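Let's take a friendly walk through this model together, strand by strand and then outwards. Please have the sequence and the 3D view open as you read.

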Amino acid sequence: MPAITVDGKKIECRDGIPVLQAVLEAGGDVPHYCYHPGLSIVASCRLCLMEMKLPNPQTREPEWVPKLFPSCQTPVKDGMEVRFDSDRVRGNQQHCMEYFLLNHPLDCPVCDKAGECCLQDYSEKFGHASSRMVEDKHKNPKKDIGPRTLLYQDRCVMCTRCVRFAQEIAGTGELTVVNRGNRAEIDVFPGVPLANPLQGNVVDLCPVGCLLDKDFLFKQRVWFLNSTPSVCPGCSRGCTIRIDQNENRVHRLKPRFNEKVNAWWVCDEGRFGWKYVHAADRLRRPLIRRGEQREGIRWEEIPATLQYQLEAHAAADRGAACACVLSPMMSCEEAWLLAKFVRRLAPSAALVPGPAPRVGDDQTFASGFRISAEKCPNRRGVERVIAGLGGTRWSWDELLANATAGSVKFAYVTGGYPSALFTKETATALGKAAFLAVHDLFASPLSDVAELLLPGAAWAERDGAFMNDDGLLQPFERAIPPLEGVKRDGQVFFELFGQRGLYRAADVRALMAAEMPEFSQVYAPRELPEHAH
Amino acid sequence: MRDDDIILLREPILTVAERCYLPQILDGVRTTLRHMYNRKKREQTVTQYPEQKRELRLDNYRGVHRLNKDPDGRVACVACFMCSTACPAHCIHIEAGESPWPDREKYPVKFDIDELRCIYCGMCEEACPCDAIELTPHFELVGGSRQEMIFDKEKLLHVFDETKALKPRKNPAVTDYGLTGGQSKTVARPNAEPKV
């Protein structure tokens, strides 16, 4: 492990990283635009220059070299001595900032990036308060470069992070630099819009407000948003994200650095896939069938009702005709609590992993980033829970076959998919059960035949842990409270399980870990400092 | 807060008469009575509202809000949310949208101020980068319901029309970006090109 001296302070760092990265990891703040640890190094912004000690060719004595070196392009070497805290380095930073702001419009009030903009932060910390520019600013045009992204060329600092992203990470290379000098522009090739499945990341990469999401444009000022660490439920990869919400409405999802899964990126499907959380047609109140009619039921009555029905149907054969479907949209804790409840009253009941929707094939990109074809976050976790509990396990097809044959009397089906998944055939088969409870987000043919219909909470309203397709258990927190009239799934199952009080995923995980040690450890990626990328 | 911002005050030491409490009360009563029977003072202090109206300081009186219009009659607000960020009472609710005009990026689709919730502190006026929101000398606010007291964009623009004779709009500072804040075109450098 090499140790370098920065501003007279010794820091230990990883081998083979640039000095800039070493300083950032040690908690320092060095201004930089073009450097990003996930992209190739171009050293074009010249903002991160540092002074370095090199041996004098004549005397062999190490001394400060009059020239400045780009810290993003200089790899660390044991015993190296550099400094940022000098007049020459500060002077360079101030001059660079002045150049960046030459043509930059003063439109922070209407810019969506304001509040999380590196240009604002660095101007305040390393730049000038006023501009000496007397000429009219050169105003590059605003461009529509893709179905989801806008490019405000006048705000650009030409760091080319977006160009390198399109080439190196997505591997599609739609973006390029055209023209030179202060007329330089980022642009797409004619007829090739920026539409690759990872393109949303260029908006996060952009250190200024040049690339903006059309989806989030003008929706909120970023300082109103509250962030919650979460895991994307879009596919079985389990990319770590953060949910940005204000006044209980989700406004956007942003990737969270995770070296084991998604690095700094997230795909568009996950990024914009949260809209169903606020869909108007979500189920809102629990219903029970009494005679022909379905009527509302209070949440407090539900544990007793379910317990009574399950006991009645499990009395004869220890529940061999009972089945509980654990959806791959559930967290591990929720699946475990529900399965435990069913097994306590009906020890021979079958546990059924819910259907895992698949769309196409896995997509792998130039950088190794993968989008899984399996569009549910926790199939593996639910299967682990079922395997851990043992006993009868049916596949989804076996359940439908048994139900069609009429040998299922009690069924509890959980859904939670982003759209109604259960078909008419499913409904005809499972409708034959004497008691069918459905716990889902949206109305479907299956929910129409249910005896007991429970509205579920979306993933942003719940907490727990998902196990991704590599077997990595990652916790997520709830960002917003559930819809009015809806109870969090975990809380419902916690009460079914026989506990009182508030459901807390970590506590339930501790209970689970006593039986299944693989649930004792969760993986939470390390947090990066504010300007670390 | 720095140490020299803090002013330390020592509690005054009370005399025996002051500690007896009653002489002080009588002293107060004497002042009240003196004002009551002093005709000149009474006429200076008391205004027979609503027959008489006080003379207001028009420049900085903090009455009902208005949304200023630019010289073209468009709303001057650029929906930057600075006022609702600064507002300590959280009474300003804005919904932003893309502006229909080529020289401007953003404009408020909805702009609601809950005048009952407002504490008339004037922070919104101070925060506004394009002097679009201002407080007017108009203070006689009445409404039949709470809903009626939530002033929307149209109503706030109407207040501007009503009060612009009394308190004309100052032309705001010009930014390098041109007409962001709806300045007069003669003052702003019109280097803003049409959007693509």
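A:Ala437 stands opposite A:Leu452 of strand 23 of chain A. Their strands, 22 (residues 435-440) and 23 (residues 452-455) of chain A, pair in the parallel sense over four bridges. Bear in mind that this is a predicted model; the predictor gives the complex an ipTM of 0.84 and a pTM of 0.87.

**The seven-stranded sheet**

Strands 22 and 23 belong to an open sheet of seven strands in chain A, with the order 16-15-23-22-21-17-18 and mixed pairing. At its edges stand strand 16 (293-296) and strand 18 (350-353) of chain A; each has a single partner strand, so one side of each is left without a neighbour in the sheet. On average, neighbouring strands here are turned by 15 degrees against each other, direction ignored.

Strand 17 of chain A is a good place to pause. Is strand 17 enclosed or open to the outside? Five of its five residues are buried, so strand 17 of chain A is largely enclosed by the rest of the structure. In a regular strand, side chains alternate between the two faces of the sheet. For strand 17 of chain A, both faces are covered: A:Cys322, A:Cys324 and A:Leu326 are buried on one side, and A:Ala323 and A:Val325 are buried on the other.

The table sets out some of the strand pairs in chain A, each with one pair of facing residues.

| Strand pair (chain A) | Sense | Bridges | Facing residues |
|---|---|---|---|
| Strand 22 and strand 23 | parallel | four bridges | A:Ala437 and A:Leu452 |
| Strand 17 and strand 21 | parallel | four bridges | A:Val325 and A:Val413 |
| Strand 17 and strand 18 | parallel | four bridges | A:Leu326 and A:Pro353 |
| Strand 7 and strand 8 | antiparallel | three bridges | A:Lys142 and A:Tyr152 |

From strand 17 of chain A, where A:Leu326 stands opposite A:Pro353 of strand 18, the chain crosses through helix 8 of chain A to strand 18, and this β-α-β crossover is right-handed. Helix 8 (residues 332-345) of chain A lies across strand 17 (322-326), strand 18 and strand 21 (410-414) of chain A, and runs at about 175 degrees to strand 17.

**Nonpolar cores**

In soluble globular proteins, nonpolar side chains tend to be buried together. Here the largest nonpolar core has 152 residues, and A:Ala323, A:Cys324, A:Leu326 and A:Val342 touch the most other members. Which helix or strand gives the most to this core? Helix 8 of chain A does, with nine residues. Leaving aside residues up to four places away in sequence, A:Val342 touches A:Leu310, A:Cys322, A:Cys324, A:Ala349 and A:Tyr412. Apart from this core lies another, of 33 residues, and its members include A:Cys108, A:Cys111, B:Ala76 and B:Val159.

**A three-stranded sheet and chain A as a whole**

Chain A also has an open sheet of three strands in the order 7-8-11, with antiparallel pairing. Strand 7 (142-144) and strand 11 (211-213) of chain A are its edge strands, each pairing on one side only. Neighbouring strands of this sheet are turned by 25 degrees against each other on average, direction ignored. Within it, strand 7 of chain A pairs with strand 8 (residues 149-152) of chain A.

Stepping back, chain A has 14 helices and 25 strands. Its C-alpha atoms fill a box of roughly 95 × 50 × 40 Å along the principal axes. Of its 533 residues, 48% count as buried. Among contacts in chain A between residues at least 6 apart in sequence, 66% join residues at least 24 apart.

**Chain B**

Chain B has six helices and five strands, following the pattern α-α-α-β-α-β-β-α-β-β-α along its sequence. Buried residues make up 26% of the 196 residues in chain B. Of its contacts with a separation of 6 or more, 68% are between residues 24 or more positions apart.

How confident is the predictor about this chain? Chain B averages a pLDDT of 85, and 86% of the residues score at least 70. Confidence is lowest in helix 3 (residues 39-45) of chain B, at a mean of 81, and highest in strand 5 (residues 150-151) of chain B, at 96. Over residues 176-196 of chain B the pLDDT is below 50, and this stretch has 64 contacts in the model beyond near neighbours in sequence.

How values were computed: Residues are numbered from 1 along each chain as its sequence is written. Chains are lettered from A and ligands numbered from 1 in the order in which they are written. This is a predicted model: local features need pLDDT of at least 70, side-chain atom pairs count only at pLDDT 80 or more; totals for chains, interfaces and linings use all residues. Two strands pair if DSSP finds at least two bridges between them. Helices (H or I, at least four residues) and strands (E, at least two) are DSSP runs, numbered from the N terminus. Axes are lines fitted to C-alpha atoms, for helices over the stretch in contact, and angles run from 0 to 180 degrees between N-to-C directions. Two residues are in contact if their C-beta atoms, placed from the backbone, lie within 7 Å. A residue is buried if 20 or more other C-beta atoms lie within 10 Å of its own, exposed if 12 or fewer, and partly exposed in between; C-beta atoms are placed from the backbone. A crossover is right-handed if, with the strands pointing away from the viewer, the path from the first strand over the helix to the second runs clockwise. A nonpolar core is a set of buried Ala, Val, Leu, Ile, Met, Phe, Trp, Tyr and Cys residues joined through C-beta atoms within 7 Å. pLDDT is the predictor's confidence in each residue, from 0 to 100.
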